[in-house]
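Colleague: Please take a close look at one part of this model for me. I want the shell around the ligand, set in the context of the whole chain.

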Amino acid sequence: MEIIDIKPRGYCKGVVKAIRMAIKTRKENPETEISIIGAIVHNKFVVEALRRKNIKTISTANRSRFDALDDIDSGIVILSAHGTSQHVIEKAINKGLSVVDTICEDVKSTQELIQNALTNGQEVIYIGKNGHPESNAIIENFKSVYFVSNIEEINKLEVKTKYPFVTNQTTLSILEIQHLLKAILEKIPEANIANEICNATRIRQEAILKSSALDALIVVGDPSSNNTNMLASIASKHGIKNVIRIESIHDLDLNQLKTNWRVGVTSGASTPNYLTKQVVEYLKVVNLASPHPYPEIDYSIILD
Ligand code: SF4
């Protein structure tokens, strides 16, 4: 097998910042209870590595961040890189919690663009993924925003003005967004577009589009990570026949690979580089006819 370690891949600046802030908060407050509402970034290994540092993640499965705050009575609450709505932040402060907000600068910049457009009297259309925390924060912070996630919703959209401001979630697919923005422009030709897919998402997706003649692409990342899902989606649209999703080397089914294949490996912006490197290094030396055991996962270096 020829193994192509696709670059760039893995941790983006926003994820690195969020993890560093969490670790720093623990170091500076060794005795304080520290909680995160929802995953700080979408990766279960990161969540577990933080738990081992006594930073617990409060589940937001089937409930809002606002409701999840009811589980925290004291200490410090860390807010994720995806951005958090103002009413959640206010509730935390009113409960007497200290708030550490790890919002990514790119997410913040999209929120500021929306705020400016609304202040200038423009209507705002926001394209995002339903239920994603980044979109949720936008919808909750800016109640008048028109939220759309697909062509059907764009077709049904009814805005009142000719020049609405249009922007989007930072981690969408660079292919799909073109399609969605085109649909908006066909409907509202003078819409004012600000494509806010972040640089980290864009260059990871472009690296796949630039890779040639891969028989398979292994995408390492969490199923809940939107930018990881978009890498897999871009790869399929790019014509790569075998797109294999794994969270770590332990999910890899070697029967899916062939010795004469050219296999790319990439990972989402929330996937620890250590996990991806483990896959690359293992595949570079494995004998598919007689594979050696998978390496163990060392949680003490997951966050590096
Ligand atoms: S994927 Fe982009 S927006 Fe999200 S944390 Fe990383 S740099 Fe920030």
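**The ligand shell in context**

Modeller: Start with the fold. The chain has eleven helices and twelve strands. The model is predicted. Its C-alpha atoms fill a box of roughly 65 × 55 × 30 Å along the principal axes. The radius of gyration is 21 Å, and a compact globule of 304 residues would have one near 19 Å, so the chain agrees with that rule. Of the 304 residues, 39% are buried. Contacts reach far along the sequence: among those between residues at least 6 apart, 72% join residues at least 24 apart.

Now the ligand. The shell around the ligand counts 15 residues. Which of them come nearest? They are C12, G14, C104, T170 and C198. Three helices, α1 (13-28), α5 (105-119) and α9 (199-210), are the elements that give two or more residues to this shell. The largest share belongs to α1, with three residues. By class, the shell splits into eight nonpolar, five polar and two charged residues. Cys counts as nonpolar in this scheme.

Next, the domains. Domain 1 is built from two segments, 2-11 and 200-301. Domain 2 covers 13-103, and domain 3 covers 106-193. Set the nearest shell residues against these bounds. G14 falls within the range of domain 2, and T170 within that of domain 3. C12, C104 and C198 are outside the listed ranges.

How do domain 2 and domain 3 meet? Their centres, taken over C-alpha atoms, are 27 Å apart. Ten residues of domain 2 are in contact with ten residues of domain 3. On the domain 2 side, the touching residues are one nonpolar and nine polar, with no charged residue.

One more residue fills in the picture of domain 2. V100 sits in strand β5, residues 98-101. Is V100 buried or exposed? It falls in between: V100 is partly exposed, because 17 other C-beta atoms lie within 10 Å, and the buried class needs 20 or more. Leaving aside residues up to four places away in sequence, V100 touches M21, T25, I76, I78 and L79. Two of these, M21 and T25, fall within the residue range of α1. That is the helix with the largest share of the ligand shell. H132 is another matter. V100 and H132 are 32 residues apart in sequence, and their C-alpha atoms are 20 Å apart in space.

Key. Residues numbered from 1 in each chain as written. Predicted model: local features only at pLDDT ≥ 70, side-chain atom pairs only at ≥ 80, totals over all residues. Helix = DSSP H or I, 4+ residues; strand = E, 2+ residues; numbered from the N terminus. Rg over C-alpha atoms; globule rule 2.2 N^0.38 Å. Buried ≥ 20, exposed ≤ 12 C-beta atoms within 10 Å, placed from the backbone. Contact = placed C-beta atoms within 7 Å. Near = placed C-beta within 6 Å. Domains from an automatic or database assignment.
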